Amino acid sequence: MTNPNKNVVDSARGDEYRDWLKQMTLIRRFEEAAGEAYAIGHIGGFCHLYVGQEAVAVGSNAALKEGDVIMCSYREHGHALVRGVSARAVMAELFGKATGCSAGKGGSMHMFDTTKGMLGGHGIVAGQIPLATGAAFSFKYNKTDNVAVSYFGEAAVNNGAFHEALNMAALWNLPVVFICENNRYGMGTALERSHAVWNIHERSCSYDMESEIADGMDVLDTNRVMSKAVERARKDGIPTLIEARTYRFMGHSMSDPIHGHYRTKEEVESQKERDPLITFANQLKDAGLLTDEDIKQIEASVAEEVADALTFAEESDIPDASALFTDVYAD
Amino acid sequence: MATKVVMEALSPTMEEGRLVTWLKKEGDKIATGDTLAEVETDKAVMELVARGAGILRQIVVGEGQTVDVASLVAIIAAADEDISEIAGASSAPAAAAPPLAPSEAASEATPEPKPATVASDGGRVKASPLARKMASEKGIDLASLQGSGPAGRIIKRDLASASAVPVTAAAPTPGGFEDVPLTQIRKTIARRLAASIGPVPHFFLTTTIDMENVADARAQLNATGNGKISFNDIIVKVVAMALAKHRACNAWWQEDSIRYFNDVHMSIAVAIEDGLITPVVRNADQKSLREISAETKELVGRAQDRKLKPEEYTGGTFSVSNLGMFGIDQFTAIINPPEAGIIAVGGIAEEPSAHNGEIVVRKKMKLTMSCDHRVIDGATGAAFLQTVKQMLENPLAIVW
Amino acid sequence: MAILTYRDALNEALAEEMERDPSVFLMGEEVAVYQGAYKVSKGLLDRFGEDRVVDTPITELGFAGLGVGAAMTGTRPVIEFMTFNFALLAIDQIVNSAAKMLYMSGGQIPIPMVFRGPGGAALQLGAQHSQAFESWYANIPGLKVVMPATPADAKGLLKSSIRDNNPVIFIEGEMLYNMKGEVPEGEHLVPLGVADIKRPGNDVTLVSHSKTVAVALKAAEQLSADGIDAEVIDLRTIRPLDIDALTASVKKTNRCVVVEEGWNFCGVGAQVVDDLQRTAFDYLDAPILRVTGADVPMPYNKQLEKASKPSPDRIIDAVKRVSYQD
């Protein structure tokens, strides 16, 4: 994939970039640890890992500010982490503990932290798209300059909720960014086998909506495209559909093998050559903004953070039995 | 081929039975017809007979246990036969009832059954929750009531007029009591008698009979040395003969018809341990006093041993109940349905009486007839009772 | 007290609450320029402007979800469905988002919003436009279900629903919009979860809600001529169900008939019966009977349609049976 608009590395932003690399590394190591914890039964239910797609969450989030909100699909551990929800709280949630960010009642698919603008993982494909549109409506209604973001997979764009929401967002000029993380497979069904139109961004034409493709394996490009979209939304209330082309290195969920019947091992291996962590590290090294020592430090710091999160999750208490019946109705 | 031994319906009214004693044990060789066990029905202790041969492989129901009719109680099979399927099935619930027909669309669902005559069903009294609560608070025995609701359900209005009766008798010693579980026969008595006094519109006729002549005749008969005739034998014979003349009283109420019998079969109420039973002296009007006497003695003896066969205590057309020997002057008896009448016999007592213009001491006895008004009207009953009275006061009539 | 129609009572409630709380807005099909398909929102566009009275495309799933998202972020949406028949398209957002958000988020995100519109059968609208869905919503923990039967309750319950911090399914009676009645002016709040005795009586309890309240009252009137003194209870709120009020009434009358326009199977009445057989078991003198809509899709033909709905005659028949007078 080539993109003529691809940004060059801005040498003035070294600290910020190194932080992005650290965030991407945190997601990668966190998800690997979650996979291991799942394998030994510490995590239950569905567990969808974000390995391979880190650049999308990190690059897009970097364009947001406090007060903005995001609504995600069920593959949202990484988004929670980059929004600033602690690794402890996300891991504890996966472990179903009272200290989890959703008090152990949400689980892998339902990470929430209102203080960080993390308004959920949502388990029904495309369900979060009208929700984020509603948050944007609310921001406009209350005359704030905040922006709402909806993350979803490419399979969601065939769902009615996507079209209903995009229509209203365009119709009413709502400050919302729709980010389609096109990882090419809706569970095990390839894009080409489920979409009449393969270019997801073209779906915006129906609503006369701004749209752009981002290289979802390149954090710089994702950030560049997202920054423009967020500015449009914040300043002018113009929504955008971003198609971030990415790839997941793991199976759809923990119960799915890495390649399965729907894609070849060779395909997965060749996509790993686009590993966003390696790509970004090399870009920074080439620009003289990162050393091997920096990478070691990042890895060590992340390893410590993940180990601490695991310990915290293991040692935390499960929810009190009384929690079963709380939070059904608000006072 | 394995034989399933089930609790058999050993009386016409039996719905459950209590296994009293196993006469065979597991592993015993069994021939068809062997007596396997003794079973207490609602009326008597009966023998449970093998209907197949082999080895008594498994006893399913232990001694003292009560099970419904048709329940598996034991398995007879060849020594090496696999009986696990039969044994396993016995613990599974009975076959599901056939599904109800779907109710008519709208709403009110299945209509409730229309009122029937009997509130109790196999010993269970049907009553609304409210009626149960009210009965409990008022100390009313629900079994003493007749329900006016669907299927005889006792409902609030049935309790409105009911008065309290002690549910349990006063204990003999202060603070002490004994709870005795109902036996099958006690359950049956309760059910049948409660079923009687409610739906059957009773009325009562009492007459006083001069027994001097009967007493003389009896004394002469007994002096012959050919066995003793009791007053009761004579009353049974006379009542039977009177019934033969008054077929209107020799009848069954059958809900949609009345069955008048040509033959007279006398049910004789007999007190036995923990209950009562009514052995039947068939064609009593045709039998001699001696025959009646001998047959009654024999039946009563076996009744007290609980050895009567069902056909020996069913099929009566009219009942006689005698409490004279207990010093009772007069009482009213409850009709034994479907029979339409019963005569309650009081004791014979000497009392001053006007006789042929003089006050003299005579032997007197009071008879009270309970009549089902649906079958017997007042005059009909009175005419019959008058015949009984005349025959007893002129015992020669017996041989006329 | 003013005499208002049910429709105007709802309108008054909306206007008062929008006046009182700027975070309240009304959104739905034809609510603004058209003034509401049933004119419930008449005049609100002029009064509150297009930012707060918002016409939507015909996309029930989309605007229901949008409403939930807005409720998550600081507003109190009132989402109007032109009828609850169309809300089937939105049920994913109502059930999966609105009802569960507070719980899934460990108590962080309440959903203070109202989904409202008419439900049940009107006249000859056929199978797809004549359905009573209250039992569907009442089945879902996290939702409240409110169904006013009179103009006064329409106003008082809608005001309370808008102020409630939970998603409220507010189902109006399509045939009740023209009903007139006294409505208290100004701050008239009817608490959610409290049933109302619309007619006191001693002999039998008639449980009803929404349109069937009037049917039950009519039946009660005819029954009184036969010497049966029926108590008519209006549930007003289906969930939470005011089981205390029902129990108290049945303890007094010892018999009960539950009326609803919806289908029999798993209906609201099934829940009422289930509760009562526990709370009033020792006070029942007869099994509780139900009078419901016929177990069929609604026919178009007028006579068939009438036959499918609960009627005073069917209620009277059921009352006679629970009174052992059939």
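Trainee: What makes Glu54(A), in α2(A), buried or exposed?

Mentor: Buried means under 20% relative accessible area, exposed over 50%, partly exposed in between (1.4 Å probe, protein chains only). Glu54(A) is buried, and so are others in α2(A), including Val56(A) and Asn61(A). Keep in mind that this is a predicted model, where local features need pLDDT of at least 70, side-chain atom pairs count only at pLDDT 80 or more, and totals for chains, interfaces and linings use all residues. Residues are numbered from 1 along each chain as its sequence is written, chains are lettered from A and ligands numbered from 1 in the order in which they are written, and side-chain values use heavy atoms, with hydrogens and water left out.

Trainee: Why is helix α2 of chain A called mostly covered?

Mentor: Eight of its eight residues, 54-61, are buried. As for "helix", that's a DSSP run (H or I, at least four residues), while a strand is E, at least two, both numbered from the N terminus.

Trainee: How do you know that chain A and chain C are in contact?

Mentor: Contact means heavy atoms within 4.5 Å, and 40 residues from chain A and 47 residues from chain C take part.

Trainee: What is the count of salt bridges between chain A and chain C?

Mentor: Zero. A salt bridge needs a side-chain nitrogen of Lys or Arg within 4 Å of a carboxyl oxygen of Asp or Glu, so no pair there fits.

Trainee: And how many residues of chain B are in contact with chain C?

Mentor: 19 residues of chain B, with 24 residues of chain C. The salt bridge count between chain B and chain C is zero too.
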